[in-house]
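Work through the exercises below with the sequence and the 3D structure at hand. Try each task before reading its solution.

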Amino acid sequence: MNLQQTRKEEPEVNLTSLIDVVLLLLIFFMVSTSFVNEAEIQIRLPEASLEPVPAQNQTLEIAVTAEGRYLVNQRPLVNARPQTLRAALQKVAGDNPGTEITIRADAEASHQSVVTAMDVAGKLGFVNINIATVQSGD
């Protein structure tokens, strides 16, 4: 009879296979990930200058109030829906998409209101869209 206690071996975790699996998953996700290319918009930012700009044949002015309402050539629209703005621009400009449009937005106006005005003008075929700036008092 053997009364000597046998030493039990401590269980051992083999990390080699775990590290291999993690690295394979990392490589898989790196290879299979598609990178999204956001739409790039070419924007020419206006600069304020002291020289007066010569007046062109016809210009339209869209004013955006702090509440998100629109005024076309200082005339308020019935509501702030894009369809109403579209109809007003078509009425004022007619079939002349070469007309220059200036967007004047209140500093408290939402970005969405300005983008909607630009989108409506762009869908109507206007390519000369300016955003009015003020010269800083510094």
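**Exercise 1. Find the residues that T116 touches outside its own stretch of sequence, and place T116 in the structure.**

Step 1. Set aside the neighbours within four places in sequence; T116 is then in contact with Y70 and P82. Contact means heavy atoms within 4.5 Å.

Step 2. T116 belongs to helix 3. Helices are DSSP runs of H or I with at least four residues, strands are runs of E with at least two, and both are numbered from the N terminus.

Step 3. T116 has a relative accessible area of 16%, so the residue is buried. The cut-offs are under 20% for buried, over 50% for exposed, and partly exposed in between, with a 1.4 Å probe and protein chains only.

Before going on, note that this is a predicted model: local features need pLDDT of at least 70 and side-chain atom pairs count only at pLDDT 80 or more, while totals for chains, interfaces and linings use all residues. Residues are numbered from 1 along each chain as its sequence is written, and side-chain values use heavy atoms, with hydrogens and water left out.

**Exercise 2. List the elements of the protein in order.**

Step 1. Count them: there are three helices and five strands.

Step 2. Read from the N terminus on: the order is α-β-β-β-α-β-α-β.

**Exercise 3. Describe the largest nonpolar core.**

Step 1. Apply the rule: a nonpolar core is a set of buried Ala, Val, Leu, Ile, Met, Phe, Trp, Tyr and Cys residues joined through side-chain atoms within 4.5 Å.

Step 2. The largest such core has 19 residues, and I62, L85 and L89 have the most contacts inside it. Two or more residues come from each of strand 1, strand 2 (70-72), helix 2 (82-93), strand 4 and helix 3.

Step 3. Take L89: beyond its neighbours within four places in sequence, its contacts include L60, I62, V72 and V120.

Step 4. Over the whole protein, buried residues make up 20% of the 138 residues.

**Exercise 4. Which side chains form the salt bridges?**

Step 1. Look for a side-chain nitrogen of Lys or Arg within 4 Å of a carboxyl oxygen of Asp or Glu. The search of the whole structure gives two salt bridges.

Step 2. One joins E61 and R104, at 3.2 Å from N to O. E61 is in strand 1 (residues 59-64) and R104 in strand 4 (residues 100-105), 43 residues apart, and the pair links distant parts of the chain. R104 is partly exposed, at 41% relative accessible area.

Step 3. The other joins K123 and D119, whose closest N and O atoms are 3.5 Å apart. About one helical turn separates K123 and D119, because they are four residues apart in helix 3 (residues 111-123). K123 is exposed at 59%, whereas D119 is partly exposed at 38%.

**Exercise 5. Classify the aromatic pair.**

Step 1. Rings of Phe, Tyr and Trp (its six-membered ring) pair if their centres lie within 6.5 Å; planes under 30 degrees apart are stacked, over 60 edge-to-face, and the rest tilted. The structure holds one aromatic pair.

Step 2. The centres of the F28 and F29 rings are 5.4 Å apart and the planes meet at 65°, so this pair is edge-to-face.

Step 3. F28 is partly exposed, with a relative accessible area of 49%.
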